[in-house]
Amino acid sequence: MNCELTASKINPQVNLMALSGRLAVETEAQVRPLLVQAIQKSPHGLIIDLKAVNFVTSAGLRLLLEVYKSAASSGTRIAMIRPQPEIYKLFKLASLDTTFSVHETEDEAVKAIGG
Amino acid sequence: MDPNKSETNIKAAADALVARAAVAAAVFSQYDQEQVDRIVAAVARAGTARHIELARMAVEETGMGVFEDKVIKNLFATESVYNDIRDVKTVGIIGDNPATGIMEFAEPLGVILGITPITNPTSTVMFKCMIALKTRNAIVFSASRNALKCSNEAARVMYDAAVAAGAPDDVIRWVEDPSREMTQALMTHPDVALILATGGMGLVQAAYGSGKPAIGVGPGNVPVYIDKSANIDMAVNDILMSKTFDNGMICASEQAVVVHQDICKAVEARFVSQGAYFLKPAEVAAVQDIVIDPAKQSMSSKVVGKNARQIAELAGITIPPNTRLLLARLAGVGEKTPLSREKLCPVLGYYVAEDLDEGINLCTSLTHFGGLGHSVSIFSQDPVAIEKFSRNLNAGRILVNSPSSFGGIGDVYNRLRPSLTLGCGTGGRNITTDNVTVTHLLNIKRVSKRMVNMKWFCVPPSIYFEPGCLDVFFTHEIKDMGVKRAVIVCSESAMREGITDRVAGYLKAAGIQSSVFSDVKSDPTVETIEAGVAMLNKDRPDLIIALGGGSPIDAAKAMWLMYEHPEFSFDDLRLRFMDIRKRVVKFPALGKKARLIAIPTTSGAGSEVTAFTFLTDSKTGKKYPIVDAAIIPNVAIIDPNLVLTVPASVTADTGLDVLAHALESYVSVAASDYTDPLALKAIQLVFEYLPAAHRDGSDKLAREKMHNASTIAGMAFTNALLGINHCLAHILGATFHIPHGRANAFVMIPVIRYNAALPNKFPSYPNYTSPKGKDRYLEIAAALKLDTSTPEKGIDALVSAVAQLKKTLGVPASLREAGVPEAEFKAKLNFMAETAFDDQCAGANPSYPLVTDLVKLLEESYG
């Protein structure tokens, strides 16, 4: 998974990170430190782009929740964008779509973050 | 009360359980069929691997049942169930039927609350795990308190295997500390999608009463009837085996035996020889006191799952060694006969019935006494007895020549779906009589593609035309028909013109007897038909010849129908329909008694080729169309020599009817490639030849073209249907005694403009995809070589052409000009509009008419 941290073109103070493939226990080890780092580097906000994520296991979901909580405690606002329909459905069924601040576009996410 | 078990804590514990299961269900929703099937296979293997230990745990913890039988139950719950569900499609597309255009997708339910019993603790848990996982649902178990350890262990075995095979975390959960409050909290939890309740009545009722979708079970009080035709050895064997299986704890096991008196001695001897013991009267009382709790009026928990020897000890009676089953001779069913209740232990009630009927009635009484809808059983080789038994008893499972415990749970002795949750339908206050399985744990989504209606093109098999064809036909072809007796149904004018005599002469020369029914006036009534049918029944012809204008031909068709099928009533036949193929009354095929030849002498109604007939109810004046391909005549003879003497005004009126037929069938929502060329041709012929035919009736070419146009328009409209032009013409004609064609002409121009405009109300007909009225009229205008350089010009040109035609034919431009009194017209306006709306022809109009639209059209026609 290539998880580059880039600045949002809409609001350069907000960072963008794209995840891809399966969010599962195998990828957890690789992804967690990257996300932790991303949060540290994004005091004004972090948008996680889920466009290329095609599967989220229990472990993957737990990781997202963990990331969300640690961001909240350090004051970084998080939003998630462009989930594939299966993933969006999963968020709705688990009542996580509002928790995670899920949006269709970077633009909406930046606005939601308040940037 | 222990503060740890306070209400808030219980609710919090329930919330936590369900929340985790809900997340699991959410994650599970992403899985495909392959991933799911891998999990189910792993879980089945794990259950099978631990089936012995779990059986031992169950017997030790509950103190009930037989270890070896619990082992078999565990295998059933894993192997048999797995085998049954392994290849069932439960994820994604599970059905696709091109013929219906319907695709089915499977959507999981979410979180299932599984309530499991003390009688089949581990097997029910494993069964529910299998079917829940197969359908991508998470499941939370609430087991019976007295089977908690073994039930939860079974759940844990399944869960570990599931997760190892890739299932989401928390997909199977269980209550560690059950209580009524916990069960209630779970049952009413908003994130529980369904309660799957297998247990006692109280629990099942609580499930249904919780307001949550629930699938529950009912109690059984299974009677087994041994018919005089039964294989006695097999019956006794099966009953013994079934009733002692796990010491009688399966709810589908037999509770009472009812035996036909002719074989009761043999049955009793066989039972005794196989290890059953008939209790003496005093012993019955003793056993009764032990087995049925008098206070609770139900079986005592002391005896559930105990064997015969243990029960005998508890009752203080002595029984032969190796006795496996206790039988109590009983007389009645009900509270006064406690042993007629369900007894989940090896004690059976025993009845003797004089005959099959009494046997069935006893079984009815037994099922109504706490077992309605569950199961019943019959041993018989007589299909008549089995059918009568099955017809009369209310049970979801009617087992034939099988042990009812195994028979009820399915698969082993029959092809019922293997299940440990047996629905009893409304008899047991359940939602289904099914053996519950994977199909009950899915939300089915149906993708329905737009499907168009099949259409048809039906016309007479033979249409003869050209001048003089009548003479040729009745000289030659008539002989090939092989008929002996004809009735000619004709108008007075056909008589007057001598055509009837001519035809009768031909028939006589061909050796065919004939008689004449000429009492047909315009707008034939039901009474006319009845009189005609009376004549047909008297003369019994095998050929009917309809000769005249639309009225005699319409009348002849109706007479033909009633002659061949006297069982039909006029009321049946004129029922309204929305889709002609889905009508309530189906017309039978005609031709068994007689064939029909139709010979029109006007140009014309087209009735000689149509599936329609129009009858008038003389009481109300209403005209009723009767529509069905069955009344299309076998032969139509289109001989223009017959119309040479039609008077000019009739020529004009009937010709305008032809125009209306053709115009309406072209713009109808039901128009097709088959009817369009006919409609256009007829319109062209009318504009080209009607003025000539009207001006000079002896113009043979004009007469021939108009006569053909009439039939061709008939072939078009009988398949493409008509519209509001005719709806309005019908009631106008009936109200103000205006000839039919002329009435059509009065409304023709307002109707064209109305249909060419955007509809106020769109017709709902799947084959018609967007408003086409204007375009269709423009095509007609183009076919008439009018100016269609703009749409508006085209419509105007068509309207002008119609107006000009009317003028040429001497038809007044409006109803006012025709002398219809204004006050009377206004008074009847609403009635006419409503009647027109109710006319069968309205449905195919390109704009679905509102009554207010029809009022406006009538007003415009008045002028």
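Let's start with chain A, where five strands line up as an open sheet in the order β1-β2-β3-β4-β5, with mixed pairing. Keep in mind that this is a predicted model. Chain B brings a three-stranded sheet, a nonpolar core of 190 residues and an assignment into four named stretches, domain 1 to domain 4.

**The sheet in chain A**

- The edges of the five-strand sheet are β1 (5–7) and β5 (102–103) of chain A; each has a single partner strand, so one side of each is left without a neighbour in the sheet.
- β1(A) runs antiparallel to strand β2 (residues 15–23) of chain A, and three bridges hook the two up.
- Want one pair to look for? Leu5(A) has Met17(A), in β2(A), as its bridge partner.
- Helix α2 (residues 58–74) of chain A lies across β2, β3 (46–56) and β4 (78–81) of chain A. Against β3(A), helix α2 of chain A runs at about 170°.

**Domains of chain B**

- The domain assignment splits out domain 1 (3–215), domain 2 (222–413), domain 3 (458–643) and domain 4 (649–863) of chain B.
- Between the C-alpha centres of domain 1 and domain 4 of chain B there are 68 Å.

**Nonpolar cores**

- As a bit of background, nonpolar side chains tend to be buried together in soluble globular proteins.
- In the largest nonpolar core, with its 190 residues, the members that touch the most others are Val43(B), Cys129(B), Met130(B), Met158(B), Ala162(B) and Ile311(B).
- Helix α1 (residues 7–28) of chain B gives this core its largest share, 12 residues.
- Both domain 1 (3–215) and domain 2 (222–413) of chain B chip in, with at least three residues from each.
- Zoom in on Cys129(B): leaving aside neighbours within four places in sequence, Cys129(B) is in contact with Val43(B), Ile139(B), Ala155(B), Met158(B) and Ile172(B).
- There's also a second, separate core of 130 residues, and its members include Ala555(B), Met748(B), Ile780(B) and Leu805(B).

**The sheet in chain B**

- Three strands of chain B make an open, antiparallel sheet in the order β1-β2-β17.
- β1 (92–97) and β17 (442–448) of chain B are the edge strands, each pairing on one side only.
- On average, neighbouring strands of this sheet are turned by 25° against each other, direction ignored.
- Strand β2 (residues 102–108) of chain B is joined to β17(B) by seven bridges, and the two run antiparallel.
- One pair to find here is Ile102(B) with its bridge partner Ser448(B), which sits in β17(B).

Notes
Residues numbered from 1 in each chain as written. Chains lettered and ligands numbered in written order. Predicted model: local features only at pLDDT ≥ 70, side-chain atom pairs only at ≥ 80, totals over all residues. Pairing = 2+ DSSP bridges. Helix = DSSP H or I, 4+ residues; strand = E, 2+ residues; numbered from the N terminus. Contact = placed C-beta atoms within 7 Å. Axes fitted to C-alpha atoms, helices over the stretch in contact; angles between N-to-C directions. Core = buried A, V, L, I, M, F, W, Y, C linked by C-beta atoms within 7 Å. Buried ≥ 20, exposed ≤ 12 C-beta atoms within 10 Å, placed from the backbone. Domains from an automatic or database assignment.
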